[in-house]
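Open the model in your viewer and keep the selection panel at hand. The stops below go from single contacts out to the space around them.

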Amino acid sequence: MDVNIECLRYFAKAIEAETGIFYSEANFYQLSPRIIELSKTFGFESPDALWENVQKNSLSAEQKHLLFDSATNNETSFFRDKKVFDAIHDIFNAIGREKETLKIWSAACSTGQECYSMAMTFLESRDERPMKNIFSILASDISDRVLAKASKGQYSELEVQRGLPPELRSKYFEPSAPNPASLGDSSILWKAKKELSENIHFKKINLLDPWVHSHKFDVVLCRNVLIYQNTENKKKVIQRIFDNLEPSGYLILGGAESLSGISDQFDHVPMSGVVVYRKAAKPDVA
Ligand SMILES: C[S@@+](CC[C@H](N)C(=O)[O-])C[C@H]1O[C@@H](n2cnc3c(N)ncnc32)[C@H](O)[C@@H]1O
């Protein structure tokens, strides 16, 4: 089933304006199935019927919401890019003991594997070298759908098998009732234990909107999200993350992302085989 090119252009423009996610015409093959799915969800018999309707009556707030949500790519897994978590472990060891509360932000947390992986990294590092401090993680995303899943902290066997070592699964997750939605599938779900989830707070944040936090962060993870944004948006978001970092706070990007051409306000610090970014001290004015 084909989607009219004008319809794809219209939706691509609306998605870019709201979320910054850019679908070029070369990538319309990725957008097309999403529009077909949406037309079914909205109760139209075909994408053409949806397009006809959109030209007469613009989308309702609820329909826009579902459109923007469906445009996001939510790929994630536990301990995605293991070396990054080795670096985070080193960062916790380096600065963790100096602070009463280590303040962390997972700025595009998707379904939550990233923030739970960070919580486990912190707790493991605390087990190795006992310290009194605690951690507080803000986990945010633009999508209500992924945030609802992340805040449940409940994962299927398949999701757990993607990156969560069995010993950490037994230590920090407990088996919970099978998923009632998956008829006939009695496979176990693994739910994060209280110790892991109690210091994680979930919030909807569009990184392109003005956001205000009540405090600054020691570590910000902003991974695999800016890759979909244009340079202007990248610069804007990175500048605001910089402003919201504690002095010498750390920023961690995805493996295919860098600050080259975006910001020169961070020191590049090699750690455990990856590069992390540290807020550079302002040069002394003579
Ligand atoms: C590919 S996932 C990355 C998840 C995780 N950070 C990781 O690296 O595994 C990208 C996430 O960014 C979110 N996202 C996309 N645009 C966003 C925006 N403008 N503001 C906040 N989150 C956004 C998506 O909803 C999606 O869950």
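A polar contact here is a pair of N or O atoms within 3.5 Å. This is a predicted model, in which local features need pLDDT of at least 70, side-chain atom pairs count only at pLDDT 80 or more, and totals for chains, interfaces and linings use all residues. Residues are numbered from 1 along each chain as its sequence is written, and side-chain values use heavy atoms, with hydrogens and water left out.

Select asparagine 224: an N or O atom of its side chain lies 2.7 Å from an oxygen atom of the ligand. Next, pick threonine 76, where a side-chain N or O atom is 2.6 Å from a ligand oxygen. At alanine 108 the partner is a polar backbone atom, 2.8 Å from a nitrogen atom of the ligand. The ligand alone has 600 Å² of accessible area, and the protein covers 99% of that (Shrake-Rupley method, 1.4 Å probe).

Now select the residues around the ligand (a heavy atom within 4 Å of it). There are 20, and Thr76, Ala108, Asp141, Leu207 and Asn224 are the closest.

Finally, show the largest pocket (on a 1 Å grid over the protein atoms alone, an open set of points where a 1.4 Å probe fits, with protein on both sides within 12 Å along at least five of seven lines; lining residues have an atom within 4 Å of a point). The ligand sits in this pocket (more than half of its atoms lie within 2 Å of the grid points). Lining the pocket are 27 residues, with Asn73, Ala108, Asp141, Asn224 and Val225 closest to its centre.

Definitions and conventions: A polar contact is a pair of N or O atoms within 3.5 Å; within protein, one must be able to donate a hydrogen and the other to accept it, and residues adjacent in sequence count only if both atoms are side-chain atoms.
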